[in-house]
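Hello,

Here is the structure that you asked to look at, and below it I have written out what was found, going slowly so that you can follow each point on the screen.

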Amino acid sequence: YLILFNFMVLELGFVEKLVVSLVIGGLIGLEREFSLKESLPIGLRDFALISLFGMISAEFLLPMSELFFVAGLAGILIVSFLYYWFKVLTKKTIGITTILMVPVAFVLGALVSKGFFLEAGITVIASTFLLIEKRSVHSFVDSLDKNEIIDLLLFILIAFVVFPSIPTHPIIFFWQSIDVSFFWTIVVFVSIISFSAHFLLKYV
């Protein structure tokens, strides 16, 4: 009975991964079909199967040999290239969004196989949102000016480059203990408020 129970648990785990990988790939394919309508020869079913292939490759091929998994990924990349070549020849367009999402769907399926359900879910939601909000993203970028881009770069420097490198323990400066991390946290917090207020006033 214990062997049968363990087998049922393993089977349920595999079915769960199968369903999640199909849903993740299908979500990407659904957005692509919705956005491009009749002009897209690769859609919901294709992306769902690509994600499923990624899950199966990571589940069964990767334990046997990393080369098998790499070969599967290489095959997906070749399919992406062939699709791009077909698209350029027949439709005279050079957009690469769909081409990039093909290997992404494969990798997301592989993440599901390794139990990274949350990470795969967040990634597919974020990427699908960017895809479906294409016009809004382009409109937002077109409305930016040079100074805003420079300010954004400075904020990234302050929050994600300088801040993590600041020591968390107080330092001694002229016989005084100074918590630099606390002061820099205030700087980051004020910068976030300033940025948020600016963009809310401009774009909302």
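**What was found**

Glu 133 sits in the loop between helix 5 and helix 6 (134-143). Please keep in mind throughout that this is a predicted model. With a relative accessibility of 28%, Glu 133 counts as partly exposed, because a residue is called buried under 20% and exposed over 50%. Although Glu 133 and Ser 35 are 98 residues apart in sequence, their C-alpha atoms are 9.9 Å apart in space.

A similar kind of pairing can be followed from Thr 123, whose place is in helix 5. Thr 123 has a relative accessibility of 35% and therefore counts as partly exposed. Its C-alpha atom is separated by 9.5 Å from that of Ile 24, and the two residues are 99 residues apart along the chain.

**The chain as a whole**

Stepping back, the protein chain contains eight helices and two strands, and reading along the sequence gives the pattern α-α-α-α-α-α-α-β-β-α. The chain has 204 residues, of which 26% count as buried. When the contacts with a separation of 6 or more are considered, 64% of them come from residues 24 or more positions apart.

**Helix 4 and its partners**

Helix 4 is a good element on which to spend some time. It covers residues 97-113, which is 17 residues, and it reaches 25 Å from its first C-alpha to its last, close to the 24 Å expected at 1.5 Å a residue. Is helix 4 largely enclosed by the rest of the structure, or largely open? Twelve of its 17 residues are buried, so helix 4 is largely enclosed by the rest of the structure. Among the buried residues of helix 4 are Thr 98, Ile 99, Met 101, Val 102, Pro 103 and Phe 106. Just after helix 4, Gly 115 takes a positive phi of about 90°.

Which way does helix 4 run relative to helix 5? Helix 4 and helix 5 (residues 117-132) pack at an angle of about 165°, and their axes are 9 Å apart. That angle makes helix 4 roughly antiparallel to helix 5, since angles over 145 degrees are counted in that way. Helix 4 passes helix 5 in a left-handed crossing. On the side of helix 4 the contact is made by Thr 97, Met 101, Leu 108, Leu 111 and Val 112, while on the side of helix 5 it is made by Phe 117, Ala 120, Thr 123, Val 124, Ser 127 and Leu 131, so you will meet Thr 123 again here as a residue of this contact.

Helix 2 also packs with helix 4, at an angle of about 40° and with the axes 6 Å apart. Helix 2 and helix 4 are therefore oblique to each other, and their crossing is right-handed. Among the residues of helix 2 that meet helix 4 are Phe 47, Ile 50, Phe 53, Met 55 and Glu 59, and among those of helix 4 that meet helix 2 are Met 101, Val 102, Ala 105 and Phe 106.

A contact to helix 4 can also be traced from Ser 80, which is found in helix 3 (residues 66-91). Ser 80 is buried, with a relative accessible area of 5%, and, leaving aside residues up to four places away in sequence, it touches Ile 99, Val 102 and Pro 103, which are themselves listed as buried in helix 4.

**Charged pairs**

Side chains of opposite charge can pair when their charged atoms come close. How many salt bridges does the structure hold? The structure holds two salt bridges. In one of them the side chains of Glu 59 and Lys 17 meet, at 3.3 Å from N to O. Glu 59 lies in helix 2 (residues 44-64) and Lys 17 in helix 1 (residues 2-36), so this pair ties together parts that are 42 residues apart in sequence. Glu 59 has 22% relative accessibility and counts as partly exposed, whereas Lys 17, at 17%, counts as buried. Arg 32 forms a salt bridge with Glu 31, and the closest N and O atoms of that pair are 2.8 Å apart. Both Arg 32 and Glu 31 are buried.

With best wishes

Terms used
Residues are numbered from 1 along each chain as its sequence is written. This is a predicted model: local features need pLDDT of at least 70, side-chain atom pairs count only at pLDDT 80 or more; totals for chains, interfaces and linings use all residues. Side-chain values use heavy atoms; hydrogens and water are left out. Helices (H or I, at least four residues) and strands (E, at least two) are DSSP runs, numbered from the N terminus. The expected span of a helix is 1.5 Å times one less than its number of residues. Buried means under 20% relative accessible area, exposed over 50%, partly exposed in between (1.4 Å probe, protein chains only). A salt bridge is a side-chain nitrogen of Lys or Arg within 4 Å of a carboxyl oxygen of Asp or Glu. Axes are lines fitted to C-alpha atoms, for helices over the stretch in contact, and angles run from 0 to 180 degrees between N-to-C directions. Angles under 35 degrees count as roughly parallel, over 145 as roughly antiparallel, 65 to 115 as roughly perpendicular and the rest as oblique. A crossing is left-handed if the near helix is turned anticlockwise from the far one by less than a right angle, and right-handed if clockwise. Contact means heavy atoms within 4.5 Å.
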